[in-house]
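Trainee: Before we set anything up, could we go through this model together, taking the ring pairs, the ligand site and the backbone in turn?

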Amino acid sequence: MTRPISQRAHRVPASAIRKLYPLARAAEARGTTVLYLNIGQPDVWSPATAGEAMRGYDQPLIAYTQSQGTAEYVETLRAYYASYGAALDAAHINVTTGASEGLLFAMLTALDPGDEIIIPEPFYTNYASIGVMAGVRVVPITTRFEDGYHLPPAAELAAAITPRTKALLLCNPSNPTGVVYRKDEIDAVIDLCKAHDLWLFMDEVYREFVFPDAPDTYRTLLTRDDLRDRLVVFDSTSKRFSMCGARVGCVVSRHDELMAAILRLASARLSPPRLGQLVARAAHADPEAYLAASVEEYLRRRDVVYAALTATPGVRVSRPEGAFYTMVRLPVDSAERFAKWLLTDFAADGETVMVAPGPGFYATEGLGHDEVRIAYVLDVDRLRRAMDHLAAALDAYPGATR
Ligand SMILES: Cc1ncc(COP(=O)(O)O)c(C=O)c1O
């Protein structure tokens, strides 16, 4: 018998997105080109200034930075938030290794083991893994395809609150649904958090990715003085500047005691990446121009994907309002089997498509079995081909239900 590992380790789910990779590699080994729509790894180029900064690094040493992040990058972030009308002190910001580390730090510092956090599902899969790491119970609130994945009435959210509930998390715009929450929906959540004295965790990593036809929303809640004691915001350069590999994000709150605790945790891991912060700072050279072009590109892609999917018999899709994802209902017996079959048995013109099966985005057992998430992170030509392949695959799939 081998030495047992921890119970906690067993409970961390395998990434729903990454677990089909061995099948994708086998398809590639057979000579099939895989069009990857399964993961939010954008192909839009990072700002040129980021690459220039990297090439210009001429120090003889790559040292740690302060645990909070470099003073220069924190200043850059303050200016960035100020451009949204949010006045922050430097101490309100802690640079992290991606938003992922910020989420872990916040769960560890705001909640105790066994406490509950309410999250609308389908949700970003790693919330569940990070919850397990922190010993926090993720309580899902199901949002429905029929409602365009908008939030259920406040009473339904309130019904999920127990004495152990300490926080509510919203991701706006949302991965994986592409929903942009209306101001009134967010206001209802804020009221609920106030009424039940909950932390409000806002994952705003897709802040700028809001399409012109999206409902009016809050780009950030950091402008709100009434939330200074309960709001924690997670942010990242990964998607904003197409810099997933820089591994730079931050956690932001005006709750002084929370930020002091987060700094203690940050000190225990010593430092966020120095080179990542260098390039992240450089990426902020002209964010408006870069982001306008980038959002325009994602809008073009959204339109291609949405038009193709709505024209595919048996497929149902709600039009994404932001981010670069959409949840799609497919006429199949099992989204998981279909996603595997695409990689093991299907090819058209030497290509196939990789999608993320729906169940991985739900905490409620049994949901998402006819859904997949599509990340439109390929250029328009490849997306068009991918959508054609998906339609052909649905015609050929033995488990099709239409
Ligand atoms: C909603 C959401 N939050 C957080 C993250 C993590 O981002 P990072 O690369 O900054 O750790 C992602 C990455 O896909 C995401 O989609």
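What follows is a set of questions and answers on this predicted model.

Trainee: How many aromatic pairs does a search of the whole structure find?
Mentor: Because the model is predicted, side-chain atom pairs count only at pLDDT 80 or more. With that in mind, the number of aromatic pairs that a search of the whole structure finds is 19.

Trainee: Is the pair formed by Tyr 21 and Tyr 36 stacked or edge-to-face?
Mentor: The ring centres of Tyr 21 and Tyr 36 are 6.0 Å apart, with 25° between the planes. Planes under 30 degrees apart count as stacked, whereas those over 60 count as edge-to-face. The pair of Tyr 21 and Tyr 36 is therefore stacked.

Trainee: Which elements hold these two residues, and how many residues apart are Tyr 21 and Tyr 36?
Mentor: Tyr 21 belongs to helix H2, residues 21-29, while Tyr 36 belongs to strand S1, residues 33-36. The pair links distant parts of the chain, and the separation is 15 residues.

Trainee: Is Tyr 21 buried or exposed, and what class does Tyr 36 fall into?
Mentor: The relative accessible area of Tyr 21 is 15%, and because buried means under 20%, Tyr 21 is in that class. Tyr 36 has 23% relative accessibility, which lies between the limits of 20% and 50%. The answer is therefore buried for Tyr 21 and partly exposed for Tyr 36.

Trainee: Why is the pair of Tyr 298 and Phe 324 stacked, and how many residues apart in sequence are the parts that it ties together?
Mentor: The ring centres of Tyr 298 and Phe 324 lie 4.6 Å apart with the planes at 25°, so the pair counts as stacked. Tyr 298 is in helix H11, residues 287-310, and Phe 324 is in the loop between strand S9 (316-317) and strand S10 (325-329). Both Tyr 298 and Phe 324 are buried. The parts that this pair ties together are 26 residues apart in sequence.

Trainee: Which residues do ring pairs link into a cluster with Tyr 298 and Phe 324?
Mentor: The cluster is joined through ring pairs, and Tyr 298 and Phe 324 both belong to it. The other names in this cluster are Tyr 206, Phe 209 and Tyr 325.

Trainee: Over which ring does the charged end of Arg 207 sit, and over the face of which residue does Arg 224 lie?
Mentor: The charged end of Arg 207 is 5.6 Å from the centre of the ring that it sits over, which belongs to Tyr 84. For Arg 224 the distance to the ring centre is 5.8 Å, and the residue is Tyr 218.

Trainee: What surrounds Glu 116, and with which side chain does its own side chain make a polar contact?
Mentor: Glu 116 is placed in strand S3, residues 116-121, and is buried, with a relative accessible area of 8%. Leaving out residues up to four places away in sequence, Glu 116 touches residues including Leu 111, Val 139, Thr 162 and Arg 164. The polar contact of the Glu 116 side chain, at 3.4 Å, is with the side chain of Arg 137.

Trainee: Which residues come nearest to the ligand, and how many Å separate the ligand from Lys 239 and from Arg 247?
Mentor: Of the 14 residues around the ligand, those that come nearest are Ala 99, Ser 100, Asp 203, Ser 236 and Ser 238. A polar backbone atom of Ala 99 is 2.7 Å from a ligand oxygen atom. For polar side-chain atoms, the distance to an oxygen atom of the ligand is 2.8 Å at Lys 239 and 2.7 Å at Arg 247.

Trainee: What percentage of the ligand's accessible area does the protein cover?
Mentor: Helix H5, residues 98-110, gives the largest share of the shell around the ligand, three residues. On its own the ligand has 400 Å² of accessible area, and the part covered by the protein is 93%.

Trainee: Where does Arg 247 lie, and what is its phi?
Mentor: Arg 247 lies in the loop between strand S7 (231-236) and strand S8 (249-252), and is partly exposed at 30% relative accessible area. Its phi is a positive value in a residue other than glycine, near 55°.

Trainee: Which residue does a cis peptide bond join to Asn 172, and which to Asn 175?
Mentor: Omega is about -10° for the bond at Asn 172, and the partner is Pro 173. At Asn 175 omega is about 20°, and the partner is Pro 176.

Note on methods. Residues numbered from 1 in each chain as written. Predicted model: local features only at pLDDT ≥ 70, side-chain atom pairs only at ≥ 80, totals over all residues. Heavy atoms only, no water. Phe/Tyr/Trp six-rings, centres within 6.5 Å; stacked < 30°, edge-to-face > 60°. Helix = DSSP H or I, 4+ residues; strand = E, 2+ residues; numbered from the N terminus. Buried < 20%, exposed > 50% of the residue type's maximum accessible area, 1.4 Å probe, protein only. Lys NZ or Arg CZ within 6 Å of the ring centre and 35° of its normal. Polar contact = N/O pair within 3.5 Å; in protein donor to acceptor, adjacent residues only side chain to side chain. Contact = heavy atoms within 4.5 Å. Near = heavy atom within 4 Å. Areas by Shrake-Rupley, 256 points an atom, 1.4 Å probe, with all protein chains shown as cover.
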